[in-house]
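Please open the model in your viewer and keep the sequence panel beside it. The stops below move from the whole chain to single residues, with a suggestion at each one of what to select next.

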Amino acid sequence: MSLYEKSDSESVLSNYMLYGGLPMTWWMENTKEKLQYLNDAYVKGYILEYIEKYKIKNVCEFDNVIDMLAESVGQLTNPLQLCNEFNEKKQFNCFYLFKL
């Protein structure tokens, strides 16, 4: 609580909106360090967990699925649309998409 008392609310909100709610980013001064920390948290905390949990063998294709879904945030998606987009990009057979 004392951290927020020392800072103005605009800088706290700006930092939260830019880097998310991970508290470690608040203490880091360098933007490069913050981005590296967030990337490590994303890869180690989410991606590797899914790869191990669901025994995903085609990690590159899994990354492509994640990238495509991230690009379509805010849009309605369904398996057929995903399949069509992957077929257009010729990235992989859409049958794989249903086996994730």
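Begin with the whole protein chain, a predicted model, in which buried residues make up 22% of the 100 residues. Colour the chain by secondary structure, and you should find six helices and zero strands, so that, because only helices and strands are counted as elements, the order from the N terminus reads α-α-α-α-α-α. If you then switch on the molecular surface, the chain exposes about 8100 Å², of which carbon and sulfur atoms supply 57%. For the contacts within the chain that have a separation of 6 or more, residues 24 or more positions apart account for 21%.

**Helix H4 and a lysine without a partner**

Select residues 31-53, which form helix H4, and within this helix pick out Lys34. Which side chain of opposite charge is nearest to Lys34? That side chain belongs to Glu29, at a distance of 7.7 Å, and Lys34, although buried, has no salt bridge. The distance lies outside the limit of 4 Å that a salt bridge requires. To see what surrounds this lysine, show Asn15, Tyr19, Thr25 and Met28, which Lys34 touches when residues up to four places away in sequence are left out of the count.

**The nonpolar patch**

Next, select Tyr42, Val43, Tyr46, Leu48, Tyr50 and Tyr54 together and display their surface, since these residues make a nonpolar surface patch of about 580 Å². Tyr50, which belongs to helix H4, is worth a closer view together with Tyr54. Tyr50 has a relative accessible area of 39% and is therefore partly exposed, and Tyr54, at 46% relative accessibility, likewise counts as partly exposed.

How many aromatic pairs are there? The count comes to one aromatic pair. The rings of Tyr50 and Tyr54 have their centres 6.1 Å apart and their planes at 10°, so this pair is stacked, because planes under 30 degrees apart are classed in that way.

**The loop between H4 and H5**

Move on to Lys55, which you will find in the loop between H4 and H5. With a relative accessible area of 67%, Lys55 is exposed. Check its backbone angles as well, as Lys55 has a positive phi of about 50° although it is not a glycine. Most residues other than glycine have a negative phi.

**Helix H5 and a view back along the chain**

For the last stop, select residues 59-71, which make up helix H5, and find Asp63 among them. Is Asp63 buried or partly exposed? Asp63 is partly exposed, because its relative accessible area is 31%, which falls between the 20% and 50% limits for that class. Finally, draw a distance between the C-alpha atoms of Asp63 and Ile47, which are separated by 8.6 Å, with the two residues lying 16 residues apart along the chain.

Conventions
Residues are numbered from 1 along each chain as its sequence is written. This is a predicted model: local features need pLDDT of at least 70, side-chain atom pairs count only at pLDDT 80 or more; totals for chains, interfaces and linings use all residues. Side-chain values use heavy atoms; hydrogens and water are left out. Patches are made of residues with over 30% relative accessible area and no salt bridge: like charges are joined within 9 Å, nonpolar side chains (Val, Leu, Ile, Met, Phe, Trp, Tyr) within 5 Å. Accessible areas come from the Shrake-Rupley method with a 1.4 Å probe; for residues, only the protein chains shown count as cover. Helices (H or I, at least four residues) and strands (E, at least two) are DSSP runs, numbered from the N terminus. Buried means under 20% relative accessible area, exposed over 50%, partly exposed in between (1.4 Å probe, protein chains only). Rings of Phe, Tyr and Trp (its six-membered ring) pair if their centres lie within 6.5 Å; planes under 30 degrees apart count as stacked, over 60 as edge-to-face and the rest as tilted. Lys and Arg count as positive and Asp and Glu as negative; His and the chain ends are not counted. Contact means heavy atoms within 4.5 Å.
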